[in-house]
Amino acid sequence: MTNTGEANKARNREIARNEEAKQVTGSARVSICAVAVAVIVGGILFTLGWLSLR
């Protein structure tokens, strides 16, 4: 019985590591998208401001 319990604990630890890796990857992807959107919006606003002063 303890052998099965240890196997389950090891399996659960591996699942937790995999889920953590997925979460980190997802968070990085969201951050990259947020930065890209901010750069695009900033570029549009800069261009509109520059054109209005011209």
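# One helix, no buried residues

Val 41 has a relative accessibility of 42%, so Val 41 counts as partly exposed. Val 41 sits in helix α1, which covers residues 2-53. The model is a predicted one. The chain has one helix and zero strands. None of its interior is closed off by the buried criterion: 0% of the 54 residues count as buried.

**Overall shape**

- The C-alpha atoms occupy a box of roughly 80 × 5 × 5 Å along the principal axes.
- The radius of gyration of the chain is 23 Å. For a compact globule of 54 residues, a value near 10 Å would be expected.
- Two C-alpha distances give a sense of scale along the chain. Ile 44 and Asn 3 are 41 residues apart in sequence, and their C-alpha atoms are 62 Å apart in space.
- Cys 33 and Phe 46 are 13 residues apart along the chain, with 20 Å between their C-alpha atoms.

**Surface and the nonpolar patch**

- The chain has an accessible surface of about 5,000 Å². Carbon and sulfur atoms account for 66% of that surface.
- A nonpolar patch of about 580 Å² lies on the surface. Its members are Val 37, Ile 40, Val 41, Ile 44, Leu 45 and Leu 48.
- Val 41, one of the patch residues, is partly exposed because its relative accessibility of 42% falls between the 20% and 50% cut-offs.
- Ile 44 is another patch residue, and Ile 44 also lies in helix α1. Its relative accessibility is 47%, so Ile 44 counts as partly exposed.
- A patch residue must have over 30% relative accessible area. Val 41, at 42%, therefore clears that bar, and so does Ile 44, at 47%.

**Cys 33**

- Cys 33 is part of helix α1.
- At 44% relative accessibility, Cys 33 is classed as partly exposed. The buried class is reserved for values under 20%, so Cys 33 does not belong there.

**Salt bridges**

- The structure contains two salt bridges.
- One links Arg 17 to Glu 14, with 2.8 Å between the closest N and O atoms.
- Arg 17 and Glu 14 are both in helix α1. They are three residues apart, about one turn of the helix.
- Arg 17 has a relative accessible area of 48% and is partly exposed. Glu 14, at 39%, is partly exposed too.
- A salt bridge also joins the side chains of Lys 22 and Glu 19, at 3.9 Å from N to O. The cut-off is 4 Å, so this pair qualifies.
- Lys 22 and Glu 19 are three residues apart in helix α1, so about one helical turn separates them.
- Lys 22 has a relative accessible area of 57%. The exposed class starts over 50%, so Lys 22 is exposed.
- Its partner Glu 19 has 45% relative accessibility and is therefore partly exposed.

**Charge distribution**

- The chain carries 7 positive and 4 negative charges.
- The mean positions of these two sets of charges are 9 Å apart.

Note on methods. Residues are numbered from 1 along each chain as its sequence is written. This is a predicted model: local features need pLDDT of at least 70, side-chain atom pairs count only at pLDDT 80 or more; totals for chains, interfaces and linings use all residues. Side-chain values use heavy atoms; hydrogens and water are left out. Patches are made of residues with over 30% relative accessible area and no salt bridge: like charges are joined within 9 Å, nonpolar side chains (Val, Leu, Ile, Met, Phe, Trp, Tyr) within 5 Å. Accessible areas come from the Shrake-Rupley method with a 1.4 Å probe; for residues, only the protein chains shown count as cover. Helices (H or I, at least four residues) and strands (E, at least two) are DSSP runs, numbered from the N terminus. Buried means under 20% relative accessible area, exposed over 50%, partly exposed in between (1.4 Å probe, protein chains only). The radius of gyration is taken over C-alpha atoms; the globule rule is 2.2 Å times the number of residues to the power 0.38. Lys and Arg count as positive and Asp and Glu as negative; His and the chain ends are not counted. The place of a charge is taken as NZ of Lys, CZ of Arg, CG of Asp or CD of Glu.
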